[in-house]
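Here are my notes on the model, set out as numbered points. Please read them with the structure open.

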Amino acid sequence: MSFTIRDAVPGDVPTIVRLVRALAEYEKLTHEAQGTEADFHRALFGEAPHAGAMIAEVAGASVAICVWYRTFSTFTGRHGIWVEDIFVEPEHRGIGIARAMFQALARRVIAEGGARLEWSVLDWNAPAIGAYRAMGARGLDDWTMQRVNGAALEALAGG
């Protein structure tokens with residue numbers, strides 16, 4: 001089965017939201033999927049975009065997304081790309097879509113003079129972890145992700 005990958009355009013926003021919601025369902029996190037079409041449009045295509053996205057299509061149907069943004073490493077003094085989310089509809093997994101998206105981002109990092117391509121994965125997602133190891137990724141077991149959001153974010157900002 002063949003597929004194409006392309007950068008998302010504003011008309012893809014409903015598809016992006018649909019696939020993000022499908023990802024949230026897969027990860028058992030639907031309660032956290034609150035982004036609206038307006039939110040995604042502003043973040044990806046607004047006056048000052050904060051993220052990018054790619055779409056994979058099979059026979060003209062959008063079947064996968066990858067949402068990413070640029071980071072910066074003080075240790076390397078160079079930027080990188082963080083993959084916020086990648087999701088391939090279950091019936092289209094195993095044909096190389098995710099790998100092709102990571103390859104496209106790796107090429108982008110190198111072309112821009114960047115230093116890193118990074119992402120996180122839920123520790124129970126063994127199929128994804130196996131695929132990432134096969135691509136040459138390594139886990140950073142000595143780091144833990146931290147998050148402040150909701151009421152804690154409001155309290156931190158006010159205090």
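1. A salt bridge here is a side-chain nitrogen of Lys or Arg within 4 Å of a carboxyl oxygen of Asp or Glu. Asp 39 and Arg 42 meet this rule, their closest N and O atoms being 2.8 Å apart. Helices (H or I, at least four residues) and strands (E, at least two) are DSSP runs, numbered from the N terminus. Asp 39 and Arg 42 are 3 residues apart in helix 2 (residues 37-45), so about one helical turn separates them.

2. A word on the basis. This is a predicted model, in which local features need pLDDT of at least 70 and side-chain atom pairs count only at pLDDT 80 or more, while totals for chains, interfaces and linings use all residues. Residues are numbered from 1 along each chain as its sequence is written, and side-chain values use heavy atoms, with hydrogens and water left out.

3. How many salt bridges does a search of the whole structure find? The count is 7. One of them joins the side chains of Asp 7 and Arg 108, at 2.9 Å from N to O. This pair links distant parts of the chain: Asp 7 is in strand 1 (residues 4-7), Arg 108 is in helix 3, and their positions lie 101 residues apart in sequence.

4. Next, how covered these side chains are. Buried means under 20% relative accessible area, exposed means over 50%, and partly exposed is in between (1.4 Å probe, protein chains only). Asp 7 has 40% relative accessibility, so Asp 7 counts as partly exposed. Arg 108 is partly exposed too, at 24%. Asp 39 has a relative accessible area of 33% and is also partly exposed.

5. Glu 112 and Arg 70 form another salt bridge, at 2.5 Å from N to O. Glu 112 sits in the loop between helix 3 and strand 5, and Arg 70 in strand 3 (residues 61-73). The two are 42 residues apart, and the pair links distant parts of the chain. Glu 112 is partly exposed at 33%. Arg 70 is partly exposed at 44%. Separately, Arg 6, Asp 12 and Glu 57 are joined into one network by salt bridges that share partners.

6. Now the aromatic pairs. Rings of Phe, Tyr and Trp (its six-membered ring) pair if their centres lie within 6.5 Å; planes under 30 degrees apart count as stacked, over 60 as edge-to-face and the rest as tilted. By this rule there are 4 aromatic pairs. The ring centres of Phe 102 and Trp 119 are 4.3 Å apart and the planes are at 45 degrees, so this pair is tilted. Phe 102 lies in helix 3 (residues 97-111) and Trp 119 in strand 5 (residues 116-119), so the pair ties together parts that are 17 residues apart in sequence. Both Phe 102 and Trp 119 are buried.

7. Trp 119 has a further partner. The ring centres of Trp 119 and Tyr 132 are 5.1 Å apart with planes at 70 degrees, so the pair is edge-to-face. Trp 119 in strand 5 and Tyr 132 in helix 4 (residues 126-134) are 13 residues apart, and the pair links distant parts of the chain. Both Trp 119 and Tyr 132 are buried. Ring pairs thus link Phe 102, Trp 119 and Tyr 132 into a cluster.

8. Charges also sit over rings. The rule asks for NZ of Lys or CZ of Arg within 6 Å of the ring centre and within 35 degrees of the ring normal. Lys 28 lies over the face of Trp 124, at 5.2 Å from the ring centre. The charged end of Arg 93 sits over the ring of Tyr 26, 4.8 Å from its centre.

9. Strand 2 (residues 52-58) is mostly covered, with 7 of its 7 residues buried. In a regular strand the side chains alternate between the two faces of the sheet. On one side of strand 2, Gly 52, Met 54, Ala 56 and Val 58 are buried; on the other, Ala 53, Ile 55 and Glu 57 are buried.

10. Finally, the strand partners. Two strands pair if DSSP finds at least two bridges between them. Strand 1 and strand 2 run antiparallel, joined by 4 bridges. Asp 7 has Met 54 of strand 2 as its bridge partner. Strand 2 and strand 3 pair in the antiparallel sense over 7 bridges. Ile 55 has Ile 65 in strand 3 as its bridge partner.
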